[in-house]
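Thanks for making time this morning. I would like to walk you through one chain, beginning with a single helix and what surrounds it, and then moving outward to the chain as a whole.

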Amino acid sequence: MNSNKRKGGAEKIREKKMKLLASVGEKCTKMYDFFKVKNDTHNSSNKELTESTGSSTEVTEHSIKTDQATVENDNLSLTNSFVKQLETESTVGEIFIHTGAEVAKHSIKTDQATVENDNLSLTNSFVKQLEAESTGETSNINDPIHCLPTNRLELKERILKGPYRPVLSLFPRTKQGQYFRSFQEGWYKEFKWLEYSIVADTVFCFPCRCFSGNEGNSSQLEYVFSKIGFKNWYRAIDRFKKHQQSKAHINSAKSLSEFLNSKSIDEIIDSNMKLVVQKREIEQSNNRKIMERLINITICLAKGGRPFRGHNEKNDGHQQGLFRELVNLLVKYDNVLKNHVNFGPKNAQYISNRIQNDIIFSIHKVLLKKIQSNLQNSYVSIIADETSDIGHEEQLSIVVRYFDSATYRPVESFITLKRMISVTANSIFQTVDDVLTIELGLQWTSVLSVCFDGASTMAGNIGGVQAKCKEKNSNILYVHCYAHCLNLSLIDSICASSNSKRDVKKDRTVFNFLGTVQFVYSFIEGSPMRHAVFEKISKENGESVQTLKSCSTTRWACRAEAVSAIKNNYLVLLRTLKEIISNCSVPEMRAKGQGLLYQLKSFNFIFCLNMMHPILQIVLKVSSFLQTPNLELLTAIESIKSLKVSLNSLRNSPIDYQLIFENTEKMCKEIRLDTRFKQDTLDLIHAVGMLTNLSTEIETTSYDLLSKYFGILTEELRAEVKILSAIKTKTPKGTNSVSVFNWLDWLSQYDRSSIFKQFFCCLKMFTIIPVTSCTCERTFSKLTIVKNKLRNTIGQERLNALLFLFVEQELTNSVDVNSVIDEFKHSFPIKRRLVL
């Protein structure tokens, strides 16, 4: 390049700046030490910077004498070296260049020593900042030199902190005019909006920096106090006052005040959401009140086994069914239902037949879950029996007996009613297995015993349900229903008919007597006209009509009721038969009436009537007692023994049986009660009876039996029995049911059950063993109410749920309505129309 070429203005300015930079480099070489860091990268950078700066003087002198191309190359080399360092320490670099330029500018015109002192004092104010930067620390995020946060929540948090006002022991000084000037701490008190930047050594207006972009400042912006920063300290106060009165500052301050006193968009949305949520909660509460009333109506009808549906369920129908009729009744007196039915959404009235089913199923599921929670980690006994309903469908009733730790008593709960397509042992067992493992979530290892009737399908020890249960758990006890045993014993004793030669000449007097009793019922009650004659003669004699009863083979109390009815209406029956015979125009009925009248007047019939009445009354008492839900085996055996003693005493009483003793002696000896009651549980009953009496003569076999079926530790049980027998305080002893429950009550106090753990386990497991299957029979009795001739098309799921609520009335009364509503809300695959 031609060195004689005239230099342009831009080149002269660049050359002048390089001279200033070189001059600063000579006078401020000590400041390079502040940029030294511990790691090798920064050390190498500092070394490179020192070498480059050290040679800057030579580069500058040489550029004056050489051509322009050489100067430009040297300038570019020096600038690139210095810029690289500035990129690493950007903030410090800006301060250094700015400050260096100011100092270099005035150093040319002032004394060298004064300039060095000023530079030193100025540099010391940044030492701490430079050290922080060299160790990797960053400047304060609240420094005005940094941009405000873009996140709305972070911006609000920053504004709430207020202006950034650091207090330094010595603020940086800059020569302005003839003097060195700096920021004054007292300005903070006079101007509340003022904030200071340590990095840039400038001041900003906090409101203008935050709200300079509001619509009121569209043409009134002051970038010095909002973006650039002000540092002309020699006329700072006048400039501050002028800015304070400017329109831009006033608008920004007003915006700041409104911002601090107003709510953010989130808070406004949240307040609106609160109103929406409150309104939704009120709506939800009202809807739950509506559901509570509908659920209570459902419970009321289900507990009584009443029908829900009607013939015409339209709003103008007159036979809408009990459910809708009760809803209409409550609408007249209850404002909640009234507003719902009259003003609520017509597509969410919740009184349709499908909603009725959903409510019924929800109640059933809640109660069933409660039973399932009680059965977890507990031993159970399974009771099952089957019958046919009015729709000629075979139904299997399953009941579970378990120990309630809250009341320390055994509890029997109806679980389900299953329709059986086949009544073979395999199909019945598979149904029981599904209910136990799937619906209840239990294992066969937790089953202690099973209780069925004596049918071969259920009780067969080879291919019956009992045998299949023992295949799952060999320690399961089979209990033949004691009430069935009593009924079979009575049939064997008084109604047995055998074809063997040995029994051909057996006295059939009682057998014929019961046949005559059944025939009286069929003849009188088989015709409304004959029954009317019976009622008329009863009224003429001034006696109340006692309904005649049939001798059913399955109802255990029917024989006593039938004999009692004939005994009380004996004279009325004789007159009734005479009148029917005299007025009857049908030869067949006349012949039957004459034969029946002859039988009633016979000595054998009168003899059996007077003999069987007291016997059957005693049997009725025992039979009713055996049907007690919480009955346990000790009491059952005691009641059977007491029945035998009572029958023997009646047979041997000279007062009651003086005339009939010789004719009935042989029949009474043939009473075979013992054979029917010889079950697997008798030895276990004997062992528990000795245990409750704290007998020291308990045999080893008894302990082994308890260990086999109840899984107790024999040695611990022996030790506990010895301790209990040595306790001086009164302990319940005895071999009856009262003593068993007294022991349970005694053990429940003071946490004795955990002390005498094996003894308590024996009693607890013993009470779980059922005595009868009467709970299943009660289910069948209520089944005839729920599913009758008018309701014989009811679905199996609805039938099961309604029957459960009808049978378990105590649980139904205590159901948690809120749990039912929650179950109802989630039982539907899509969202309910009413907010619940």
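**One helix and its surroundings**

The buried residues of helix α12 pack against α9 (187-190), β3 (194-197), β4 (202-205), α10 (206-211), α11 (223-228) and α13 (247-261). I should say at once that what you see is a predicted model, and please keep that in mind throughout.

Which residues of α12, spanning residues 236-244, are the buried ones? They are A236, R239, F240 and H243, and when we look down the axis of α12 these buried residues fall within an arc of 100°, so they line one face of the helix. On the other side of α12 we find D238 and K242, which are exposed.

Let me turn now to a single position, T779, which sits in helix α37, covering residues 774-786. Is T779 buried or exposed? Its relative accessible area is 0%, and because buried means under 20%, T779 counts as buried. If we set aside the neighbours within four places in sequence, the residues in contact with T779 are S397, F414, L803 and V807.

Finally, the chain as a whole, which has 40 helices and nine strands. Of its 836 residues, 47% count as buried, and the accessible surface of the chain comes to about 44900 Å², with 52% of that belonging to carbon and sulfur atoms. As for contacts in the chain with a separation of 6 or more, 69% of them are accounted for by residues 24 or more positions apart.

Notes:
Residues numbered from 1 in each chain as written. Predicted model: local features only at pLDDT ≥ 70, side-chain atom pairs only at ≥ 80, totals over all residues. Heavy atoms only, no water. Helix = DSSP H or I, 4+ residues; strand = E, 2+ residues; numbered from the N terminus. Buried < 20%, exposed > 50% of the residue type's maximum accessible area, 1.4 Å probe, protein only. Contact = heavy atoms within 4.5 Å. Areas by Shrake-Rupley, 256 points an atom, 1.4 Å probe, with all protein chains shown as cover. Arc of directions from axis to C-beta.
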